[in-house]
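Visitor: I should like to take a close look at a single part of this structure and then see how the remainder is arranged around it. Please answer in one connected account.

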Amino acid sequence: MRKADSLRQWLTAYLPDYKIHPDRLNIWIEGGQIEARRSRTLAFTYRYTLKVGLWEYAGDADHIMVPLLAWIEKEQPQLLRRDDSQPFGFECELLDGDISDVLISIDLTEAVTVKPSDAKAGYEVAHPPEAGVADAFPGVSASFSEIVANGDGIAP
């Protein structure tokens, strides 16, 4: 599934410790399902909970949450429009000093389109981009273009 790889790349880009220690970042899928309807195509949707384990994290929790919200804006913007205003959940175990293990749970979907190939042998499979939130409120534009925490730029 594409979004799991996308989030791994995103987090390692914005959390430098996980570039140095990639073994401390675990991402896995839990509780996956396929949603498919009987139709003229074999199109379907992945529905799953993505688990993100950030082990031995030594830093401000904001440095995790802000890039994660920016990734959600890009990859699953519907989560930012939820009625309960809760795009994901997390758990945190405080270890020694300022070190924590953080476990994040995000309910995601990925649409997959399927059509017979033009060569009449096999299928063409595509993952269309998510619909954005740009038109959610006419005349209002809110987008993560730069992330700054405590005066330090942590994302371009």
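In which strand is valine 125 found?

Guide: Valine 125 belongs to strand S5, which covers residues 123-126. The model under discussion is a predicted one, and every value below is computed from it. The relative accessible area of valine 125 is 54%, and the residue therefore counts as exposed, the cut-off being over 50%. Together with Leu42 and Tyr123, Val125 forms a nonpolar patch on the surface, and the accessible area of these residues together is about 340 Å².

A salt bridge involves another residue of this region: glutamate 124 pairs with lysine 115, with 3.9 Å between the closest N and O atoms. Glutamate 124 has a relative accessibility of 32% and is partly exposed; lysine 115, at 45%, is also partly exposed. Elsewhere, salt bridges with shared partners link Arg2, Lys74 and Glu75 in one network. Side chains of opposite charge can pair when their charged atoms come close. The whole structure contains 9 salt bridges. One of them joins arginine 82 to aspartate 84, where the closest N and O atoms lie 2.6 Å apart. Arginine 82 is partly exposed at 32% relative accessible area, and aspartate 84 is partly exposed at 36%. Another connects glutamate 35 with arginine 37 at a closest N to O separation of 3.6 Å. Here glutamate 35 is partly exposed, with a relative accessible area of 28%, whereas arginine 37 reaches 61% and counts as exposed.

The setting of strand S5 is a protein chain with 3 helices and 7 strands. Along the sequence these elements follow the pattern α-α-β-β-α-β-β-β-β-β. Of the 156 residues in the chain, 34% are buried. The chain exposes about 10000 Å², of which carbon and sulfur atoms supply 52%. Among contacts between residues at least 6 apart in sequence, 60% join residues at least 24 apart.

From the surface, the account may now turn to the interior. The largest nonpolar core comprises 26 residues, and Leu54, Ile104 and Ile106 have the most contacts inside it. At least two residues of this core come from each of helix H1 (2-14), strand S1 (25-36), strand S2 (44-58), helix H3 (62-75) and strand S4 (99-116). The element that gives the most is H3, with 6 residues. Leaving aside residues up to four places away in sequence, leucine 54 touches Leu15, Tyr18, Arg24, Leu25, Ile64, Ser100, Asp101, Val102 and Ile104.

Helix H3 is itself mostly covered, with 10 of its 14 residues buried. These buried residues are His63, Ile64, Met65, Pro67, Leu68, Ala70, Trp71, Ile72, Glu73 and Glu75. The length of H3 agrees with expectation, because 14 residues at 1.5 Å each should span 20 Å and the end C-alpha atoms are 20 Å apart.

Within H3, isoleucine 72 has a relative accessibility of 0%, so this residue counts as buried, a class that requires under 20%. Beyond four places away in sequence, isoleucine 72 touches Pro77, Leu79, Leu80, Pro87 and Phe88. The C-alpha atoms of isoleucine 72 and leucine 7 are 9.1 Å apart, although 65 residues separate the two in sequence.

Leucine 7 is among the buried residues of H1, which are Lys3, Ala4, Ser6, Leu7, Trp10, Leu11, Thr12 and Tyr14. For the 13 residues of H1 the expected span is 18 Å, and the end C-alpha atoms are 19 Å apart, which agrees.

Phe88, a contact of isoleucine 72, is also touched by serine 105. Serine 105 lies in strand S4, and its further contacts, again not counting residues up to four places away in sequence, are Thr49, Leu50, Lys51 and Gly89. Between serine 105 and glycine 53, which are 52 residues apart along the chain, the C-alpha separation is 9.1 Å.

Technical notes: Residues are numbered from 1 along each chain as its sequence is written. This is a predicted model: local features need pLDDT of at least 70, side-chain atom pairs count only at pLDDT 80 or more; totals for chains, interfaces and linings use all residues. Side-chain values use heavy atoms; hydrogens and water are left out. A nonpolar core is a set of buried Ala, Val, Leu, Ile, Met, Phe, Trp, Tyr and Cys residues joined through side-chain atoms within 4.5 Å. Buried means under 20% relative accessible area, exposed over 50%, partly exposed in between (1.4 Å probe, protein chains only). Helices (H or I, at least four residues) and strands (E, at least two) are DSSP runs, numbered from the N terminus. Contact means heavy atoms within 4.5 Å. The expected span of a helix is 1.5 Å times one less than its number of residues. A salt bridge is a side-chain nitrogen of Lys or Arg within 4 Å of a carboxyl oxygen of Asp or Glu. Patches are made of residues with over 30% relative accessible area and no salt bridge: like charges are joined within 9 Å, nonpolar side chains (Val, Leu, Ile, Met, Phe, Trp, Tyr) within 5 Å. Accessible areas come from the Shrake-Rupley method with a 1.4 Å probe; for residues, only the protein chains shown count as cover.
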